[in-house]
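Trainee: Could you take me through one part of this structure slowly, as if I had never looked at a sheet before? I would like to see how a strand sits among its neighbours.

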Amino acid sequence: MNRSIKLAGLVTGVSVAAVVAGTLVAAQQTPTLAAASGGGANPIDSVSKPVPTPSTTPSKPPGTPPATPSGSVKQTIDLTKLKQGAAPATSYVDGRTVHVGGTKFTLPASDGPIWDIARTGTGALVLHSPKDDGKAVLTTWSGGSRGESVNDVSTVLSSADQSSSAYAVQPTTADGAELPRFTLTWRDNPSSEKYSLQRTGEHGPIVHAVQGSEVYFSALSKGEKQTLYKWTAGDDAPKPISAVPTPSAVSSNLQLAASIVSQADDGSCTALIDLASAKKRWSTCDYAVDELLGGSAFALGGPAYRDGYGDGLFAALDLKTGKAVREWSGGSAVAIISAVMEDADHILVLAEQGGKTAIARCAPKAGSCELATPLKKGTGDENNRPYQLGH
């Protein structure tokens, strides 16, 4: 869940790609739409997902089988055996209807595929692609009414309290290649007041976290080096965060960050960094760190190696040790597409089984799961998935 998107598989029947670890490969927190339309990226249905690329300094010898996480409690999900529970508390899409808390609104078919949703209280900033060109439009919705639209937006995220948001406009060439410049905009949601930051010589921005007027975002240099920045809305320039050279997630309370420290053909290793002290708490080569929710004792983890359809598993990692306290997989019957943290104690997972799709809710402490939406016919493989996950 980039998302942190994370975009968490928010394309109805379409896989997406995002900028991770200095390469246009997959997505927290939100994908680069130009890459998804023909940039040569490897499509998956996740956001801010660290996909491994070859490295000259691998953490373990190439060809070494991925290590089995020690101390984890592994479980297998069977969607057909789960009881029905409450609807997701975070935003989600059912058909073309966007649900944000107790509010819902339906997007016309002319808006095209829905890429991501950032809540703004009772409204939302909806990232969608009205044309078949891989470019996206960000449209404001408030109280069920449509507002302004912004073209060429590649990433959007709201603060945990939904009072502020940030998004980036990434211009591209006619063939979809990103130009070395972008504009980052901070938005006060109650008043719609905005501040913008112009960046040149960089591309592929990802908004990792927003709190108040502070925005943590990353971008790629011309040499594809990823840098994490801290920007306070209204300042002329952002501040680089050298302690987190290749970010995969920043906590919603701006206290922690996950940094990919090594990559090899068979996986990746990620470290958890305390932003105030710039010190490493722990590192893991068993999982990737995909989302950090302020106030939770867990980090949302995904596979350290990603390849193929969906993620295959998701895990709750102990923030103190980095060890998995619970891991869920789909076995041979269920495809785990993406996951996001619903709150401090629950994870939402988008999963497919037997030609049907559902959103399930799992509790790391208890290890139990339930359906947050009913099983419905359709999958992403058939381009008719009935649900998508938001944040």
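Mentor: Happily; we will take a close look at strand 29 and its surroundings, and then step outwards to other parts of the chain.

Please keep in mind from the start that this is a predicted model. As a backdrop, the secondary structure of the protein chain comes to 1 helix and 32 strands. The chain has 391 residues, and 59% of them count as buried. Its accessible surface is about 14500 Å², with 50% of that belonging to carbon and sulfur atoms.

Now find strand 29, which covers residues 356-362. This strand is mostly covered, since 6 of its 7 residues are buried. Who are its partners? Let us go through them one by one.

Start with strand 28, residues 346-353, which runs antiparallel to strand 29 and is joined to it by 7 bridges. To see one pairing for yourself, look for Ile-347, which stands opposite Cys-362 in strand 29. The two strands form a hairpin with 2 residues between them. In that hairpin, Gly-354 takes a positive phi near 60°.

Next comes strand 30, made of residues 369-371, which pairs with strand 29 in the antiparallel sense over 3 bridges. Here Arg-361 has Glu-370 in strand 30 as its bridge partner. Strand 29 and strand 30 also make a hairpin, this one with 6 residues between the strands. Gly-367 in this hairpin has a positive phi near 80°.

The other partner to look at is strand 31, residues 376-377, joined to strand 29 by 2 bridges and again antiparallel. Thr-357 finds its bridge partner there in Lys-376. If you wonder what holds such pairs together, strands of a sheet pair through backbone hydrogen bonds, either parallel or antiparallel.

Keep your eye on Gly-367, as it leads us to another residue. The C-alpha atoms of Arg-326 and Gly-367 are separated by 6.8 Å, although the two residues are 41 places apart along the chain. Arg-326 belongs to strand 26, residues 324-329. Is Arg-326 buried or exposed? Its relative accessible area is 11%, so Arg-326 is buried; the cut-off for that is under 20%. Leaving aside residues up to four places away in sequence, Arg-326 touches several others, including Pro-364, Lys-365, Ala-366 and Gly-367. From elsewhere in the chain, Val-73, Gln-75, Phe-314, Ala-315 and Ala-316 are also among the residues it touches. With Pro-364 there is a further detail: its backbone oxygen lies 3.0 Å from a polar atom of the Arg-326 side chain.

With that picture in mind, you can read other hairpins too. Strand 11, residues 153-158, is mostly covered, with 6 of its 6 residues buried. Strand 12, residues 164-169, runs antiparallel to strand 11, and 5 bridges join the two. Leu-157 stands opposite Ala-166 in strand 12. Between these strands lie 5 residues, and Gln-162 in the turn has a positive phi of about 65°.

Whole sheets can be read in a similar way. One open sheet of 4 strands has the order 15-16-17-18 with antiparallel pairing. Strand 15 (202-211) and strand 18 (239-240) each have a single partner strand, so one side of each is left without a neighbour in the sheet. Strand 15 is joined by 7 bridges to the antiparallel strand 16, residues 214-221. Within that pair, Val-207 stands opposite Phe-217.

Another open sheet, also of 4 strands, has the order 19-20-21-22 and antiparallel pairing. Its edge strands are strand 19 (247-250) and strand 22 (279-284), each pairing on one side only. On average, neighbouring strands of this sheet are turned by 25° against each other, direction ignored. Strand 19 and strand 20, residues 256-264, pair in the antiparallel sense over 3 bridges, and Ala-249 stands opposite Ala-258.

Let us finish in the loop between strand 21 (267-274) and strand 22, where Ala-278 lies. Ala-278 has a phi near 65°, a positive value in a residue other than glycine. With 44% relative accessibility, Ala-278 counts as partly exposed.

How values were computed:
Residues numbered from 1 in each chain as written. Predicted model: local features only at pLDDT ≥ 70, side-chain atom pairs only at ≥ 80, totals over all residues. Heavy atoms only, no water. Pairing = 2+ DSSP bridges. Buried < 20%, exposed > 50% of the residue type's maximum accessible area, 1.4 Å probe, protein only. Areas by Shrake-Rupley, 256 points an atom, 1.4 Å probe, with all protein chains shown as cover. Contact = heavy atoms within 4.5 Å. Polar contact = N/O pair within 3.5 Å; in protein donor to acceptor, adjacent residues only side chain to side chain. Axes fitted to C-alpha atoms, helices over the stretch in contact; angles between N-to-C directions.
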